[in-house]
Amino acid sequence: MKTRTHADNRQIIEEIKHKVDLLQVIGQSVRLRKQGRRWVGLCPFHREKTPSFYVDPQEGFFKCFGCGEGGDVFAFLQQRTGQSFGDVLHQLAQQVGVTLPDSSKSIPKVSSQHQHTLRLAGDFFTRCLVSHEGKTAGPMN
């Protein structure tokens, strides 16, 4: 029995991302309009009156320049639905007809509360790094 490597798992994730129609997934939650090679709309993660939410289907990512949310299709669905990465992975794999190996069931589940806590911690440390004190701290060599 062959053991799956991290590279094998990464390849499966990339295959799913390649097969998923990012515009269709995000378009179920956001009204998008074409602007150049990207698509723009109102961000679903915060209230805004002018669009700051961009989707680049060629590169496979979204980014909101208002609230800072961004990422790939997995990140969008995790943030939008509160599901774990593993749940989103299984859902998308099923939608696009990719069979996941049994080992994929061992992907750890992270609760939406845990995800929220991690996001808050990340925001806090980002604010610390860009604060006056953070800027003056300089490199840690």
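The following exchange goes through some terms applied to this predicted model.

In this predicted model, local features need pLDDT of at least 70 and side-chain atom pairs count only at pLDDT 80 or more, while totals for chains, interfaces and linings use all residues. Residues are numbered from 1 along each chain as its sequence is written, and side-chain values use heavy atoms, with hydrogens and water left out.

Visitor: What makes the pairing of the side chains of Asp-72 and Lys-17 a polar contact?
Guide: A polar contact is a pair of N or O atoms within 3.5 Å; within protein, one must be able to donate a hydrogen and the other to accept it, and residues adjacent in sequence count only if both atoms are side-chain atoms. The two side chains are 3.3 Å apart, so the pair qualifies. The side chain of Asp-72 also reaches the backbone nitrogen of Phe-74, at 3.0 Å.

Visitor: How do you know the span expected for helix 4?
Guide: The expected span is 1.5 Å times one less than the number of residues. Helix 4 (a DSSP run of H or I, at least four residues) has 12 residues, and its 16 Å from first to last C-alpha is close to the 16 Å expected.

Visitor: Why are the buried residues of helix 4 said to line one face?
Guide: Gly-86, Val-88, Leu-89, Leu-92 and Ala-93 are buried (under 20% relative accessible area, 1.4 Å probe, protein chains only) in helix 4. Seen down the helix axis, they fall within an arc of 160°, taken from the directions to the C-beta atoms, so they line one face. On the other side, Gln-94 and Gln-95 are exposed, meaning over 50%.

Key:
Helices (H or I, at least four residues) and strands (E, at least two) are DSSP runs, numbered from the N terminus.
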